[in-house]
Amino acid sequence: EKWVYRFGGGKAEGGAADVDRLGGKGANLAEMASLGLPVPPGLTIVTDACAWYFKNGRTLPDALKAQVLEGIVAMEAETGRTFGGSAKPLLLSIRSGARASMPGMMDTVLNLGLNDETVQALGHDAGDARFAWDSYRRFIQMYADVVMGLDHEVFEEILEDEKGRLGHDYDTDLSAVEWQHVVGLYKQVVEEELGETFPQDPHLQLWKAIAAVFSSWTNPRAATYRALHRIPEHWGTAVNVQAMVFGNLGSSSATGVAFTRNPSTGERSLYGEFLVNAQGEDVVAGIRTPQALTEEGRLASGSDRPSMEKLMPETFREFRAICDRLEAHYRDMQDVEFTVERGKLWMLQTRAGKRTTRAALKIAVDMVDEGLLGEEEAVTRIEPPSLDQLLHPTIDPRVERVVLGSGLPASPGAAAGEIVFTAEDAVEAEAEGRKVILVRIETSPEDIHGMHAAEAILTTRGGMTSHAAVVARGMGIPCIVGAGTMRVDLRNEQLLCPGGIVLKRGDTVTLDGSSGQVLRGNVPMIQPELSGDFGRLMVWADKARRMTVRTNADTPQDARSARSFGAEGIGLCRTEHMFFEGDRIQVMREMILAEDEAGRRQALARLLPMQRSDFTELFTIMHGLPVTIRLLDPPLHEFLPKSDEEIAEVAKAMDMEPGFLRRRVDALHEFNPMLGHRGCRLAISYPEIAEMQARAIFEAAVQAARVTGEAVELEIMVPLVGLRSELDYVKGCIDRVAEDVARESGVEIGYLAGTMIELPRAALRAHVIAETAEFFSFGTNDLTQTTFGMSRDDAAAFIPTYQRKGIIEQDPFISLDFDGVGELIQLAAERGRQTRANLKLGICGEHGGDPASITFCENAGLDYVSCSPFRVPIARLAAAQAAI
Ligand code: PEP
Ligand code: MG
């Protein structure tokens with residue numbers, strides 16, 4: 001079996017297409033090597049080896065070891081160095097690299113191969129003993145942490161003590177001899193803490209480090225990240241073993257990261273940061289604040305420290321040319337890492353750069369204009385759920401801002417909340433329903449939970465590529481980093497702002513992630529304009545799309561915002577929701593609680609005008625587009641009082657005797673209301689309800705047609721049908737009322753009568769039901785509930801456990817269960833269309849706004865999807881991608 005793929009010297013085994021086996025980092029290193037770019041030679045151990053490792057009691061296959069050793073021989077030939085050699089030692093970096101990028105989640109070991117002997121050789125060869133001892137102490141610290149499990153803080157303490165003793169402020173102040181002394185102390189603490197000496201055999205170091213990187217695939221941080229990003233556990237990680245190059249060999253050496261375009265705005269200009277005389281991890285860790293790459297970047301940040309463009313003009317020119325080449329090759333914005341070793345440029349990584357949605361749109365649209373992408377390809381470049389970021393509010397420009405401080409605008413949008421200083425507090429506050437802003441000096445992967453719980457993130461240290469910035473952009477929440485004029489006082493849980501202002505935990509601030517400003521209090525915000533790049537891309541998406549996108553809207557306000565987001569009709573109006581507001585619920589309760597038909601009719605007579613005016617407004621807003629009104633489908637328990645206090649209150653409001661009310665509530669009590677007297681069952685028991693609703697609908701349609709001059713495309717939908725005879729009965733009521741209203745008004749309203757398919761029996765009997773139904777709308781909330789036999793209101797108690805234990809991958813109430821529920825949909829669609837070839841098919845369950853489910857609907861041949869207003873743009877884009 002082939003466990004190892006080599007790269008270097010202008011060639012590589014494998015390339016960008018082999019990301020499943022080589023992981024993202026390995027695949028792109030191979031690709032860059034094949035392009036002839038300066039990549040230190042190395043090898044990639046495939047992801048399958050990770051699975052093997054865990055299956056075989058955390059051991060490595062012998063064939064793998066042999067192949068790694070062959071690879072090292074090739075690296076030795078290429079570099080003229082020897083692994084473990086006592087003249088020119090070859091040092092290695094050992095890095096993880098999964099199929100999907102998991103920034104900072106897994107472990108890395110640098111400078112591997114150093115020991116008491118090779119450290120001397122390295123110093124001699126480099127002509128810099130200080131560098132060699134500094135590298136050795138870094139290696140001991142990393143290796144002891146990653147491989148031996150000794151916390152890195154013990155080493156930091158030793159170093160701090162030493163610096164104090166020697167009177168040094170910075171690490172860079174230590175001399176070779178002083179570093180050598182620190183190395184001695186490090187080795188000593190390893191022995192004291194672990195009872196074993198620091199390993200001197202480079203080969204032993206190598207196998208242990210490879211094993212440790214594999215092991216880090218299952219560390220809690222990585223597991224959490226995978227769960228959040230739906231990365232399957234069985235993927236495993238690849239391991240990259242690569243010849244070290246050094247950015248810490250003096251002032252002509254450097255290390256940095258760059259985006260080929262601005263990841264926040266999408267602007268076409270090289271964007272990045274670097275540190276002189278530093279090693280790779282220093283930039284991302286945010287420990288030293290880096291310098292700008294370009295002069296433009298330096299000016300924008302107002303820094304007086306020179307840019308790379310100024311400091312190393314030759315190397316910078318070469319670097320810029322490589323970036324251009326990579327972008328043209330991948331036809332996408334790249335995020336690269338590089339090192340300059342004594343003036344010689346080395347590329348260490350390239351990958352598609354994470355970006356804000358705004359930047360993603362601008363880049364996709366610009367690349368079409370630049371001729372790099374076609375319109376349809378550009379449409380596929382945007383993740384549909386990410387459009388949500390655009391719908392985020394921004395600060396109302398008309399309000400006055402009280403600026404408390406500012407930093408770098410790392411992730412756009414605005415959010416307000418109470419200040420908390422720890423991830424734990426953020427999680428706790430969110431659980432209590434409070435909105436929080438997480439304030440940290442800098443964030444680390446340990447803070448991920450808190451970052452998810454927060455509305456926005458503020459750090460006082462670090463640059464645009466720091467952990468906080470990268471993660472927040474990925475999550476689409478506002479973020480400000482490097483707010484250096486503000487100071488976090490953790491002990492007293494305070495944020496000290498310029499001008500002596502002190503904010504305490506719990507104080508409210510607003511972050512403007514687009515300007516980098518921290519504002520006092522809860523500042524008014526506005527919804528953003530959906531035009532420009534977004535508008536252009538959506539035009540291309542709409543062109544590519546086959547299915548139409550409707551919205552689930554119960555109120556005129558829903559309908560209006562859905563229209564502004566591009567909804568092409570209403571796919572579901574839940575009429576019972578129209579009665580949740582104000583004193584309407586009282587009339588609704590009277591209707592439900594009525595003891596006889598006369599009482600019910602009295603209440604219905606009062607409900608009629610309310611419904612009619614709501615429908616008129618909806619029809620007017622939708623102006624000739626299709627509107628599906630669903631007849632009442634109230635799980636009764638949602639409308640009735642429960643506790644004694646509630647009963648007393650409602651009885652008073654309804655001028656009723658509490659004892660009587662209690663008896664009626666008891667009489668109506670259902671053990672399983674979701675499977676109870678719901679949907680069409682109610683209309684069959686009490687046809688006067690369906691008649692009132694049908695009347696309100698038709699009379700409203702007559703009125704709206706007079707106002708708009710355009711007849712609404714009316715669809716009346718009967719819920720929870722399992723039997724054709726149920727639908728026949730209810731449709732009979734609807735048709736009778738339609739005739740009555742036509743006679744009374746002199747206006748004939750065209751309409752379709754159809755049904756929801758939300759019970760397995762309805763799906764199975766679709767060919768029979770379609771004899772009556774003129775359309776089907778898949779109610780996948782109930783269809784999931786009834787297919788699985790899992791209560792949709794109770795499933796949250798056990799679904800997360802199911803996911804954690806790998807019983808199911810995804811919550812079927814969020815993303816359609818293709819195999820089971822999906823098969824019922826397919827079958828119902830086919831059987832329904834056998835009976836009625838032009839049967840209109842749509843979906844109106846929550847899944848109608850979920851991109852994966854939308855792809856399924858496209859393949860099942862549905863005519864439309866319907867989703868909540870804020871998901872309409874997501875659904876438009878997902879439907880387009882499904883059709884491309
Ligand atoms: C459904 O069941 O999928 C549906 C849309 O109806 P409701 O959620 O109102 O039961
Ligand atoms: Mg339903």
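What follows is a walk through this predicted model, from its overall dimensions to the surroundings of its ligand and then out to two sheets.

Let's start with the whole chain. The protein's secondary structure adds up to 34 helices and 34 strands. Its radius of gyration is 32 Å, close to the 29 Å that the globule rule gives for 884 residues, so the protein is as compact as a globular protein of that length. If you lay the C-alpha trace along its principal axes, it spans about 100 × 65 × 55 Å. Half-and-half is a fair way to think of the burial: 50% of the 884 residues count as buried. As for how the chain folds back on itself, take the contacts between residues at least 6 apart in sequence; 67% of these join residues at least 24 apart.

Now zoom in on ligand 1. The residues around it are Leu 572, Arg 574, Asp 633, Glu 758, Gly 779, Thr 780, Asn 781, Asp 782, Cys 844 and Gly 845. Two elements give two or more residues to this shell, namely strand E28 (570-574) and helix H30 (780-788). H30 supplies the largest share, three residues. By type, the shell divides into two nonpolar residues, four polar ones and four charged ones.

Since H30 contributes to that shell, have a look at the helix itself. H30 is mostly covered, with seven of its nine residues buried. The buried set is Thr 780, Asp 782, Leu 783, Thr 784, Gln 785, Thr 786 and Thr 787. What do these buried residues pack against? Their partners are strands E31 (751-757), E32 (775-778) and E33 (840-843), together with helices H28 (760-764) and H32 (818-835). Just after the helix, Gly 789 takes a positive phi of about 65 degrees.

The other contributor, E28, leads us to strand E27 (residues 548-552): the two run parallel and are joined by two bridges. Thr 551 in E27 has Ile 570 in E28 as its bridge partner. E27 also runs parallel to strand E34 (residues 864-867), this time with four bridges. Here Arg 550 is matched with Ser 866 of E34. E27 is mostly covered, and five of its five residues are buried. In a regular strand, side chains alternate between the two faces of the sheet. You can follow that pattern along E27: Thr 548, Arg 550 and Asn 552 point one way, Val 549 and Thr 551 point the other way, and all are buried.

Next, move to an open sheet of five strands, where the pairing is antiparallel and the order is E11-E10-E9-E12-E13. At its edges stand strand E11 (291-292) and strand E13 (344-352), each with a single partner strand, so one side of each is left without a neighbour in the sheet. Helix H13 (residues 313-330) packs on this sheet, touching strand E9 (254-259), strand E12 (334-341) and E13. The direction of H13 makes about 150 degrees with that of E12. Back at the E11 edge, strand E10 (residues 271-276) pairs with E11 in the antiparallel sense over two bridges. There, Phe 274 stands opposite Gln 291 in E11.

The last stop is another open sheet, this one of three strands, ordered E21-E22-E23 and paired antiparallel. Strand E21 (487-489) and strand E23 (502-504) are the edge strands, each pairing on one side only. On average, neighbouring strands of this sheet are turned by 25 degrees against each other, direction ignored. Between strand E22 (residues 494-496) and E23 there are three bridges, and the two run antiparallel. One pair to pick out is Leu 495, whose bridge partner in E23 is Leu 503.

In the loop between E21 and E22 you'll find Glu 493. How many other C-beta atoms lie within 10 Å of Glu 493? There are 17, so Glu 493 is partly exposed. Leaving aside neighbours within four places in sequence, Glu 493 is in contact with Phe 421, Lys 504 and Arg 505. For a sense of scale, Glu 493 and Arg 99 are 394 residues apart in sequence and 40 Å apart in space, C-alpha to C-alpha.

Conventions. Residues are numbered from 1 along each chain as its sequence is written. Chains are lettered from A and ligands numbered from 1 in the order in which they are written. This is a predicted model: local features need pLDDT of at least 70, side-chain atom pairs count only at pLDDT 80 or more; totals for chains, interfaces and linings use all residues. A residue is near a molecule or strand if its C-beta atom, placed from the backbone, lies within 6 Å of it. Ala, Val, Leu, Ile, Met, Phe, Trp, Tyr, Cys and Pro count as nonpolar, Asp, Glu, Lys and Arg as charged, and the others, Gly among them, as polar. The radius of gyration is taken over C-alpha atoms; the globule rule is 2.2 Å times the number of residues to the power 0.38. A residue is buried if 20 or more other C-beta atoms lie within 10 Å of its own, exposed if 12 or fewer, and partly exposed in between; C-beta atoms are placed from the backbone. Two residues are in contact if their C-beta atoms, placed from the backbone, lie within 7 Å. Two strands pair if DSSP finds at least two bridges between them. Axes are lines fitted to C-alpha atoms, for helices over the stretch in contact, and angles run from 0 to 180 degrees between N-to-C directions.
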